[in-house]
Every structure is written in C-alpha cells, then in structure tokens.
Amino acid sequence: QVRLVESGGGLVQAGDSLTLSCAPSGRTFSSDSMGWFRQAPGKEREFVASLRWFGGTTNYVDSVKGRFTISGDNAKRTVYLQMNSLKPEDTAVYYCARKARVGAAYDSWGQGTQVTVSS
C-alpha cells in the first residue's frame, strides 16, 4: 500500500503563508493525479486542490483560488501546496491523497498535517 507523508503545517497569523509538502514514504508509486483535502473541526472533509501529472492540469475549490497553488515534482512524486494570504477559516487538518488513474477514487491518504490560522 502506498504511504504518503505530509509536512509543513503549523500555527500562523492571518495573512501569513505556509507551504505543505506530501511525499511517498518508501517506494515511489504510479499515479494519475494528487490532491489536497482538508477537514476543519466539526466539518466534513473537503477538496482543496488537485494536480494531474500528465499535462499539469490543476483544480481548486473556489475558496482558495488566487491564494493557494498546487505544484509537484513528478520524478519524486512529491506534491506541494503553497498557501498565501491565509485566513482563520483555512484552519484545518490538511491531507494529501493519490488517485491511481483517471476516473478512480483517491485511494491512498496521508496522516494529515495541522494548519492553524489565528486572527
């Protein structure tokens, strides 16, 4: 099973920036795309951003467009989430996940990294 490890979370103030990283632990793996999700206390997990390796297509939830940027290193199968102009409502546990092929569900998840934005 693919294991993903997130890092880079922390406590910041509103308006600050953070960069999250997600890398495979152990062997590398094949995937069609990678995604970032988040779950705030008392809320359901929501999609944040995705990156398709072939072609570099990205997608974002409306609430982060213009503030967050997903990028990746294909050779390392490592994906990043650059988060700028952070808001208190961005506070959540952030997870990365792998989608093995087009049309498949995200099937491998990291353990999550906490991002807390104070006002």
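**View 1. An all-strand run, read along the sequence.** In this predicted model, the order of elements is β-β-β-β-β-β-β-β-β-β-β. Put as a tally, that comes to 11 strands and zero helices. As for how the chain folds back on itself, 53% of the contacts with a separation of 6 or more link residues 24 or more positions apart.

**View 2. The overall envelope.** Along the principal axes, the C-alpha atoms take up a box of roughly 40 × 25 × 25 Å. The radius of gyration is 13 Å, which agrees with the value near 14 Å for a compact globule of 119 residues.

**View 3. Into the largest nonpolar core.** This core has 26 residues, and the ones touching the most other members are Trp36, Val48, Phe68, Leu81, Met83 and Tyr94. The strands that put in two or more residues include strand 3 (18-24), strand 4 (33-39) and strand 5 (46-52). Further along, strand 7 (68-73), strand 8 (78-83), strand 9 (92-99) and strand 11 (113-118) do so too. Across the whole protein, 42% of the 119 residues count as buried.

**View 4. Zooming in on Leu81.** Set aside the neighbours within four places in sequence, and Leu81 still contacts Leu18, Thr19 and Leu20, among others. Trp36 is another partner of Leu81, along with Val48 and Ala49. Phe68, Thr69, Ile70 and Tyr94 round out the list for Leu81.

**View 5. Out at the surface.** The protein exposes about 6200 Å², with carbon and sulfur atoms supplying 47% of that area. As for charge, there are 14 positive and 10 negative ones, and their mean positions lie 7 Å apart.

Methods. Residues are numbered from 1 along each chain as its sequence is written. This is a predicted model: local features need pLDDT of at least 70, side-chain atom pairs count only at pLDDT 80 or more; totals for chains, interfaces and linings use all residues. Side-chain values use heavy atoms; hydrogens and water are left out. Helices (H or I, at least four residues) and strands (E, at least two) are DSSP runs, numbered from the N terminus. The radius of gyration is taken over C-alpha atoms; the globule rule is 2.2 Å times the number of residues to the power 0.38. Buried means under 20% relative accessible area, exposed over 50%, partly exposed in between (1.4 Å probe, protein chains only). Contact means heavy atoms within 4.5 Å. Accessible areas come from the Shrake-Rupley method with a 1.4 Å probe; for residues, only the protein chains shown count as cover. Lys and Arg count as positive and Asp and Glu as negative; His and the chain ends are not counted. The place of a charge is taken as NZ of Lys, CZ of Arg, CG of Asp or CD of Glu. A nonpolar core is a set of buried Ala, Val, Leu, Ile, Met, Phe, Trp, Tyr and Cys residues joined through side-chain atoms within 4.5 Å.
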